[in-house]
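Good morning, everyone. Please bring up the sequence and the structure on your screens. I'll be quick.

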Amino acid sequence: MRNSDAKGAEIAAKQKNAGQDKSAAIKTVTAPIATPKAAKLQSALHKSAAIKTAADKTAVSHTVPQSKRTSPIGRPLPRPGALKPGRILAYTLALGFALLWSMPLIWSVIASLRPPNEPFARGHIWFGSALSLHSYIRAFNLAPFVLYFRNTVLLVLIILFFQLISSSLAGFAFAFYRFKGDRLLFTLILTQMMIPTTALLVPNFRTIRILGLYDSIWAIGLPFFGSAFGTFLLRQSFLGIPRDYGDAAEVDGCNWFMILRHVYIPMAKPALIAFAVSSINWHWNDLLWPLIVTQSTQSRPLTAGLARFTQLGEIGAQWDLMSAATLIVALPLLLLFLIFQKRFIEGYMNSGLK
Amino acid sequence: MNRRRYHPALPYLLILPTLIFVLIFTVYPALSAGWSSLFEHRLNIPKFREPVFVGLEHYTDFAASEEFRLILGNTLLYAVILVPITVIAALFLALWLRKKRFAAFRIAVFHPAILPMVSAATIWMFFFTPDYGLFNRFLEFFGYRGPENWLSHPDLSLMALIIVAFWKDAGFYMIYYLAGVQSLPEDVFEALKLEGAGPVTTFFRFTLPLLRRTTLFVTTIAVIGAFRAVDHVFVMTQGGPSGRSTLLLYHLWQVRFESLNIGEASALTVVLVVLLLAFTISNFLLSERKGRDA
């Protein structure tokens, strides 16, 4: 809690600062010349933070001679482009916080690179005497992570494939057509968002057994082939597309599939990406359901493999090995995230309710 | 406008694939769990190998069971602590890091959301290790002299789970708030500053009400997330010590796959589903009412 108090105070201080600078700048603009140009500048000031700084600069250089660059209350104005101490402080604080928050990942990367036979102890938990990939090699020797990786990739892609098809169709139907019972059916589908499939593991496990799918990748994926979240997200996105587009295509003789394929899908790309990102992230990381419906290494995904791995008796508290195994599971997605981080974050931003 | 260029069955056919999977894996199991919960059905006891009707016995057993009350208490405590602190932290992080120049720091705060919970929990096990674990060293720096063995301490094991979930989720929810914050009308806030409104007034009178829909969305997914949280229990505490960190879904798994008691596990499923529906629906209604008052 202390942390967030400090943060709150910091935000408050910054806002106060900004407020002062702003009113000062506006006074410099309005006081000496009350022209339409100044008024325009002032309204521009309201637009956005980015434009604000630019406007500040112009306002200052246009209205006040270089020698008298002080605000009306006598406070010297900062040189344009200069780093304010407040800004440096805010930056340092944020940097410290970001480092602290990333500590688990930073530590595990470092710990995974220790050479063999250097046990962890107080004051000796970071780098060993050298850097070594020994832990990774051992992890790959102790468990079939390559196979697990293949299973996870297959699983995630199979689920995504079916979800994209089923959700596009359903989302399109709910957005483009009015039909009897549409609201009721939509609500029925949305219950899937309120009751997560894992909570229903007892009856779903029986269903999977009856279908004869136990211990297969299909067993892990099948319950997720229909997605309420995907349907919801795509319906929202489709509703944002002007109806005339679809109607015009219809008049031109397009059937529903052509409308969906050539009008709706291309325009809903951000929503599709958003959904794909969250689906991949979700199913790459899911543990309990795969743990229940798989038994052999042939069908086990990475997460379930890691859970088994950490419980192997001989591994105990070998943190270098544990870190390596942990990163083997997390790294592929983490690297994808670092490369496409803008897509990821925007994807999630697009998937929220607005 | 009533020209119909499609077969009347078309929309139904389009939703059919989604509907079938929702019916088979959500609606049917929720109902069938209710039915199965009325039977005694245990795979490891010959007498109950075939289900025997017992009515509401499982539920009356729950009411009298010390263990069940402990687990329900754990689960509620977990949700009641975790959801508010995570959501509040997410909001402050979004307000703090909303500027473009902080984008790099956002990645640092968000990345735990990409890690699988198994990985995160495994790393945090090290952090909670007594003596040399980093979390204890960190607390010690701030004067903490309490117990160090978080994972096997009766009062701290549940806290350890909450801490990991907090670390993993705060940045994730921050993204939703960031989307909300960026859609706020900037000129209103500029005007407020010029009018001399303090940051506290601005926050409570404008920012918070304008983010109401985001808050509803985030609290809803946070509550659902809290009730389905189980991965870190598997890795870190296995529900111990003596059930003090057992969450409902973990218990449900234990009853089904360790005790092989299908009847009781079905009754627990019903309890979990009722809790989930009660929390999400009341959260929604509460927010709707507040929205009308505002």
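I'll take the two chains, then their contact, then a few helices.

First, a caution. What you see is a predicted model.

Start with chain A. It has 18 helices and zero strands. There are 354 residues in chain A, and 37% of them count as buried. Now look at contacts in chain A with a separation of 6 or more. Of these, 70% join residues 24 or more positions apart.

On to chain B. Here we have 13 helices and two strands. Of its 294 residues, 46% count as buried. Contacts in chain B with a separation of 6 or more come out like this: 70% of them are between residues 24 or more positions apart. The C-alpha atoms of chain B fill a box of roughly 80 × 75 × 35 Å along the principal axes.

So how many residues does each chain bring to the contact? Chain A brings 82 residues, and chain B brings 82 residues. On the chain A side, helix H1, residues 2–30, gives the most, with nine residues. By class, that side of chain A has 51 nonpolar, 26 polar and five charged residues.

Let's zoom in on one helix pair between the chains. Take helix H16 of chain A, residues 302–310, and helix H5 of chain B, residues 117–127. Their axes come within 9 Å and cross at roughly 25°. An angle under 35 degrees counts as roughly parallel, so H16(A) and H5(B) are roughly parallel to each other. Which residues meet here? From H16(A), we have A:Thr303, A:Leu306, A:Ala307 and A:Thr310. From H5(B), we have B:Val118, B:Ser119 and B:Thr122. That contact divides into three nonpolar, four polar and no charged residues.

Now a pair inside chain A. Helix H6 covers residues 134–142, and helix H17 covers residues 319–339. The axes of H6(A) and H17(A) come within 8 Å and cross at roughly 70°. That crossing makes H6(A) roughly perpendicular to H17(A). H6(A) makes the contact with A:Ser135, A:Tyr136, A:Arg138 and A:Ala139. On H17(A), the residues include A:Asp320, A:Leu321 and A:Ile328. By class, this contact has six nonpolar, two polar and two charged residues.

Next, helix H4 of chain A, residues 85–101. At 1.5 Å a residue, its 17 residues should span 24 Å. The end C-alpha atoms are 24 Å apart, which agrees. Which residues of H4(A) are buried? They are A:Ala90, A:Ala94 and A:Trp101. These cover an arc of only 30° around the axis, which puts them on the same side of H4(A). Here is the background. An α-helix has 3.6 residues a turn, so residues three or four places apart point the same way. The face turned away from the buried side carries exposed residues, among them A:Pro85, A:Thr92 and A:Leu100.

Chain B has a helix H4 too, residues 103–110. Its buried residues are B:Phe105, B:Arg106, B:Ala108, B:Val109 and B:Phe110. What covers them? The cover includes H4 and H18 of chain A, together with H3 and H7 of chain B.

One last residue: B:Phe284, in helix H13 of chain B. With 14 C-beta neighbours inside 10 Å, B:Phe284 counts as partly exposed. B:Thr219 is 65 residues apart from B:Phe284 along the chain, yet their C-alpha atoms are separated by 9.6 Å.

That's my tour. Thank you.

Conventions. Residues numbered from 1 in each chain as written. Chains lettered and ligands numbered in written order. Predicted model: local features only at pLDDT ≥ 70, side-chain atom pairs only at ≥ 80, totals over all residues. Helix = DSSP H or I, 4+ residues; strand = E, 2+ residues; numbered from the N terminus. Buried ≥ 20, exposed ≤ 12 C-beta atoms within 10 Å, placed from the backbone. Contact = placed C-beta atoms within 7 Å. Nonpolar A, V, L, I, M, F, W, Y, C, P; charged D, E, K, R; others polar. Axes fitted to C-alpha atoms, helices over the stretch in contact; angles between N-to-C directions. Parallel < 35°, antiparallel > 145°, perpendicular 65-115°, else oblique. Expected span 1.5 Å × (residues − 1). Arc of directions from axis to C-beta.
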